[in-house]
Amino acid sequence: MTFDIVTIFPAMIEQPLAAGILGRAIERGTLDVRVHDLRAFTTDRHHVVDDVPYGGGPGMVLKAEPIFRALDAIEQDRGGPLHVILTSPQGRRFSHDEAKRISGIERVVVLCGRYEGVDDRVRERVAEELSIGDYVLTGGELPALVILDAVARFVPGVVGDEQSVAEDSFNRGLLDFPQYTRPAAVESGRVLRVPEVLLSGNHGEIRRWRKRQALSRTLDRRPDLLADAKLDVEEEAILKELRHERD
Ligand code: SAH
């Protein structure tokens with residue numbers, strides 16, 4: 001898949017993408033990401049990307065034409081039809097399932113709004129609007145990074161150990177179990193020990209303990225997830241036990 005991001009602040013996207021797992025995936029060519037400066041698609045001398053809203057009121061609105069030109073150029077570049085996503089607090093809520101779905105789309109473009117948003121006529125070219133949560137940010141750059149990061153984890157080869165994606169929170173509708181690393185005892189006012197079972201070397205027991213922890217956390221923190229969770233027979237039994245204990 002290819003990923004194109006259109007923004008008036010390319011540095012806000014490029015710098016975070018230089019580091020970490022995404023940075024490596026881009027370097028290796030596993031992820032094909034390009035960042036486009038909207039100003040490059042203006043035709044006036046001052047590279048104006050925004051203007052006052054029709055009808056009056058505060059703030060500025062991103063102009064439609066530079067965005068249309070950017071989309072035309074990207075389509076030319078990528079050699080095929082684009083799936084354009086507009087970041088917007090008015091969009092459908094982005095989620096694990098949405099990320100997985102988008103990872104299967106061939107040519108994705110994310111548009112980053114600013115100020116009061118974009119000229120509504122841009123929607124003519126938009127396949128879907130996505131919100132990353134019920135709050136308003138100053139721009140679409142952080143949402144674009146959130147979307148790219150979550151989608152990229154589903155692209156084969158991006159996350160080294162495929163197993164870790166399969167076991168992450170939400171994948172089966174459960175939160176992840178708690179993790180610990182060395183040393184076995186640390187101090188912060190008192191001695192904090194790693195749960196004994198993890199040191200036991202008994203893989204059957206460890207697996208069962210982890211299932212129990214994942215279920216217990218989900219039950220306490222996000223019981224809403226359990227309605228759609230895909231549980232095996234053992235997990236169903238553990239969940240029944242946990243519910244019984246809590247009654
Ligand atoms: N006046 C607009 C908000 C504009 S915020 C409204 O009330 O709908 C400026 C830009 O930030 C938006 O165009 C969008 O690209 C981005 N943005 C802000 N909050 C967001 C959110 N929760 N999810 C996704 N994008 C968001």
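## Exercises on a predicted model

Phe170 lies in the loop between H6 and E8. Keep in mind that the model is predicted.

**Exercise 1.** Find out what is unusual about the backbone at Phe170, and decide whether the residue is buried or exposed, or in between.

*Solution.* Start with the backbone: phi of Phe170 is positive, about 80 degrees, although the residue is not a glycine. Most residues other than glycine have a negative phi. Next, take the relative accessible area, which is 37% for Phe170. Partly exposed covers the range between 20% and 50%, so Phe170 is partly exposed.

**Exercise 2.** Describe the backbone and the surroundings of His47.

*Solution.* First locate His47: it belongs to the loop between strand E2 (32–37) and strand E3 (50–51). Then check phi, which is positive at about 55 degrees, although His47 is not a glycine. Finally, His47 has 39% relative accessibility, so it counts as partly exposed.

**Exercise 3.** Locate the cis peptide bond that involves Pro183.

*Solution.* The bond joins Arg182 and Pro183, with omega about 5 degrees. Pro183 is in the loop between helix H6 (162–167) and strand E8 (185–187).

**Exercise 4.** Work out how the ligand is held in place by listing its polar contacts and its shell.

*Solution.* Begin with oxygen: a polar side-chain atom of Gln90 is 2.8 Å from a ligand oxygen, and a polar backbone atom of Gly113 is 2.9 Å from a ligand oxygen. For nitrogen, look at Ile132, whose backbone N or O atom is 3.1 Å from a ligand nitrogen. Last, sort the shell: eight nonpolar, nine polar and two charged residues.

How values were computed: Residues numbered from 1 in each chain as written. Predicted model: local features only at pLDDT ≥ 70, side-chain atom pairs only at ≥ 80, totals over all residues. Heavy atoms only, no water. Polar contact = N/O pair within 3.5 Å; in protein donor to acceptor, adjacent residues only side chain to side chain. Nonpolar A, V, L, I, M, F, W, Y, C, P; charged D, E, K, R; others polar. Helix = DSSP H or I, 4+ residues; strand = E, 2+ residues; numbered from the N terminus. Buried < 20%, exposed > 50% of the residue type's maximum accessible area, 1.4 Å probe, protein only.
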